[in-house]
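Visitor: I am new to this structure and would like to learn how to read it. Could we go through it feature by feature?

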Amino acid sequence: MEQGSRLKYDIIDHTADFGIRVFAESEMQLFRDAALAMFELLVAVDHPGKGLEAVVSAEGNDRQELMVNWLRELLYLWNGKEKIVQSVRVKALSARTIDARVTLEPYDADRHRVLGEIKAVTYHGIDVSPAHGLWEARIIFDI
């Protein structure tokens, strides 16, 4: 996870779930920042360790489905493999695909604090679009 976060996102109040609105100057940055924002809500990294790089790809029929599938791939790394996403470099992005290199760190209870739980990324109210000279995403999580 990057130190000194400067991500632009808000938490959305939602009954039984919660969500975020992420803002970025470019679409590539939006997908990167959505991933990092999700991990900021999941776990605090007090003392970052050496990370391992991995390639993560996702597909969707449109930008909304792509965002959901992208975040689901990353959430699986946490829920299924206990890996924390430290950084994201989007290498290629289209309206239907994303390819990125991520730096992952294994979860260690001595160095990390779990802040919350996200069970799933939902399609409920998903939006990914340009707005007011920025890109914006609205994402709801099942907790």
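Visitor: How many bridges join strand S2 to S10?

Guide: Note at the start that this is a predicted model. Strand S2, residues 17–24, and S10 run antiparallel and are joined by eight bridges. For one pair to look up, take Gly-19, whose bridge partner in S10 is Ile-140.

Visitor: Which other strands pair with S10 in the antiparallel sense?

Guide: Strand S8, residues 120–121, does so over two bridges, and Val-121 there stands opposite Phe-141 of S10. S9 is another antiparallel partner of S10, with five bridges. Within that pairing, Val-128 has Ala-137 as its bridge partner in S10.

Visitor: What should I look for in the hairpin of S9 and S10?

Guide: Start with the phi angles. Most residues other than glycine have a negative phi. The hairpin has two residues between its strands, and His-132 takes a positive phi near 55° there. His-132 lies in the loop between strand S9 (127–131) and strand S10 (134–142).

Visitor: Is His-132 buried or exposed?

Guide: The cut-off for exposed is a relative accessible area over 50%. His-132 counts as exposed because its value is 82%.

Visitor: Where is Glu-82, and what is its phi?

Guide: Glu-82 sits in the loop between H2 and S5. Its phi is positive, about 55°, although Glu-82 is not a glycine. With a relative accessible area of 48%, Glu-82 is partly exposed.

Visitor: In what order do S4, S5 and S6 lie in their sheet?

Guide: To read a sheet, follow which strand pairs with which. These three strands form an open sheet in the order S4-S6-S5, with antiparallel pairing. Strand S4 (52–59) and strand S5 (83–93) are the edge strands, each pairing on one side only. On average, neighbouring strands of this sheet are turned by 30° against each other, direction ignored.

Visitor: Over how many bridges do S4 and S6 pair?

Guide: S4 and strand S6, residues 97–106, pair over eight bridges in the antiparallel sense. In this pairing Val-56 stands opposite Ala-100 of S6.

Visitor: Which helices pack on this sheet?

Guide: Look at the strands a helix touches, then at its direction. Helix H1, residues 27–42, packs on the sheet and touches S5 and S6, and its direction makes about 170° with that of S5. Helix H2, residues 63–79, also packs on the sheet, touching S4, S5 and S6, and makes about 145° with the direction of S4.

Visitor: How many residues of H1 are buried?

Guide: Twelve of the 16 residues are buried, so H1 is mostly covered, buried meaning under 20% relative accessible area. Among them are Leu-30, Phe-31, Met-38 and Phe-39. The buried residues of H1 also include Glu-27 and Asp-33. From its first C-alpha to its last, H1 reaches 23 Å, close to the 22 Å expected at 1.5 Å a residue.

Visitor: What pattern does the protein follow along the sequence?

Guide: Read that way, the pattern is β-β-α-β-β-α-β-β-β-β-β-β. The protein has two helices and ten strands.

Visitor: What is the radius of gyration, and what would a compact globule have?

Guide: The protein has 14 Å, which agrees with the value near 15 Å for a compact globule of 143 residues. The C-alpha atoms fill a box of roughly 40 × 35 × 25 Å along the principal axes. Of the 143 residues, 44% count as buried.

How values were computed
Residues are numbered from 1 along each chain as its sequence is written. This is a predicted model: local features need pLDDT of at least 70, side-chain atom pairs count only at pLDDT 80 or more; totals for chains, interfaces and linings use all residues. Side-chain values use heavy atoms; hydrogens and water are left out. Two strands pair if DSSP finds at least two bridges between them. Helices (H or I, at least four residues) and strands (E, at least two) are DSSP runs, numbered from the N terminus. Axes are lines fitted to C-alpha atoms, for helices over the stretch in contact, and angles run from 0 to 180 degrees between N-to-C directions. Contact means heavy atoms within 4.5 Å. The radius of gyration is taken over C-alpha atoms; the globule rule is 2.2 Å times the number of residues to the power 0.38. Buried means under 20% relative accessible area, exposed over 50%, partly exposed in between (1.4 Å probe, protein chains only). The expected span of a helix is 1.5 Å times one less than its number of residues.
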